[in-house]
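This briefing is addressed to a reader meeting the structure for the first time. It treats charge pairs, then the nonpolar core, then a surface patch.

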Amino acid sequence: MRQITVTQRDAGQRLDKYLAKYLNKAPSGFVYKMLRKKNITLNGKKAAGNERLKPEDEIRMFFSEETFASFSQVTAVRVKQNLKVIYEDENILLVNKPWGILSQKASSSDVSLNEEIQSYLLEKGEINEESLRSFRPSVCNRLDRNTSGIVAAAKTIPAAQYLSEVFRDRSVHKYYHCLTAGTLEKPERIRGYLTKDGKTNQVRIAREPLGNESAAIETAYRPLGSREGVTLLEVCLITGRSHQIRAHLASIGHPIIGDFKYGKESINRAYKTEFGLTCQLLHSCRLEMPKSQGAFSYLSGRTFLAPEPELFRKILKAKGLLSALEGGGHGDVEFQGP
């Protein structure tokens, strides 16, 4: 028999979901069979599986250690990590993601920000192999591999539920800085339709829908400064779609410098030659949390900032725009444009 006492980290999830992760190698239907036969109980009573777990709940599983060994297997992957932590508490972790790393794995061989976060927490002793059976701390918002900036990760189930909700309903506001080709002089709020091509991992932007797969998008920006044919923008995502900022700005003739997918090849080549730039100058610089109550009210209305990568700042200094970045202020959430 094995007894598990539910902690705050795992509270809030359904019993059957918890058991499916704990017994991750068990055949389909095994958990429900054990629940029906009372080989798995909750607080000493028969359970259906749809119960929401609370701290101090007791789960008992009445089967052999051989069964556990076969059906419950977990590996704590440890990788080299050098996280730039912006903020951390017992529930969430905000990090400044560098260029060149995936937020989540694209294939089994990848090392992503998730693995770095788990390694960081393992080194701190906040999690262990046993706790990874039921929940793996992971990112709750994603940035492209070659986009830098703020990524939020959940260290507990309640935090994962909270962060997933505020990112999904867009009550959290995300701001970006980017350097674009051409001169932009006034704030704008641009709209269009985005269609993704899964084969090429690229998107198309059009004024009208291109079919049922097209999604309406809206992007707001305000110029912080322009010099030598480039503009430093602060961008707010009104909607949030794959590659939205990059493709939307390119569609109006102002691609992001260093964007080799949607940008202008001659400009990118020049910046690569002069500065060694190999990725887009797009940085998630600010996260503004929504007003909230309850367990996460301590985050209500808080703003978190992430400084730009050193190369980004070096290029801005060379173009005479570093002072525009540092004096840019926060602006209005929705950049009241047309």
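In this predicted model, the side chains of Arg 14 and Asp 16 are joined by a salt bridge, with 2.6 Å from N to O. The two partners differ in exposure: Arg 14 is partly exposed, at a relative accessible area of 29%, whereas Asp 16 is buried, at 4%. Over the whole structure, a search finds 21 salt bridges.

**Salt bridges between distant parts of the chain**

- Lys 155 and Glu 126 form a salt bridge in which the closest N and O atoms lie 2.8 Å apart.
- This pair links distant parts of the chain, 29 residues apart: Lys 155 belongs to the loop between β8 and α5 (157–168), and Glu 126 to the loop between α4 and β7 (138–139).
- Lys 155 counts as buried because its relative accessibility is 1%, which is under the 20% limit.
- Glu 126 counts as partly exposed, with a relative accessibility of 29%.
- Glu 218 and Arg 189 form a further salt bridge, their closest N and O atoms being 2.6 Å apart.
- Here too, distant parts of the chain are linked: Glu 218 is in strand β12 (residues 215–227) and Arg 189 is in strand β10 (residues 188–197), 29 residues apart.
- Glu 218 is buried, with a relative accessible area of 15%, and Arg 189 is buried, also with a value of 15%.

**A network of charges**

- Glu 88, Lys 124, Glu 126 and Lys 155 are joined into one network by salt bridges that share partners.
- The network thus includes the buried Lys 155 and the partly exposed Glu 126.

**The nonpolar core**

- The largest nonpolar core comprises 29 residues, and Leu 113, Ile 117 and Ile 245 have the most contacts inside it.
- At least two residues of this core come from each of the elements β6 (92–97), α4 (113–124), β8 (148–154), β9 (173–181), β13 (230–237) and α6 (244–251).
- Helix α4 gives the most to the core, contributing five residues.

**A positive patch on the surface**

- On the surface, Lys 33, Arg 36, Lys 37, Lys 38 and Lys 46 gather in a patch of positive charge.
- One of these residues, Arg 36, is located in helix α2 (residues 30–36).
- Arg 36 is classed as exposed because its relative accessible area is 56%, a value over the 50% limit.

Notes
Residues numbered from 1 in each chain as written. Predicted model: local features only at pLDDT ≥ 70, side-chain atom pairs only at ≥ 80, totals over all residues. Heavy atoms only, no water. Patch = residues over 30% accessible without salt bridge, like charges linked within 9 Å, V, L, I, M, F, W, Y side chains within 5 Å. Areas by Shrake-Rupley, 256 points an atom, 1.4 Å probe, with all protein chains shown as cover. Salt bridge = Lys/Arg side-chain N within 4 Å of Asp/Glu carboxyl O. Lys, Arg positive; Asp, Glu negative; His and termini not counted. Charge placed at Lys NZ, Arg CZ, Asp CG, Glu CD. Helix = DSSP H or I, 4+ residues; strand = E, 2+ residues; numbered from the N terminus. Buried < 20%, exposed > 50% of the residue type's maximum accessible area, 1.4 Å probe, protein only. Core = buried A, V, L, I, M, F, W, Y, C linked by side-chain atoms within 4.5 Å.
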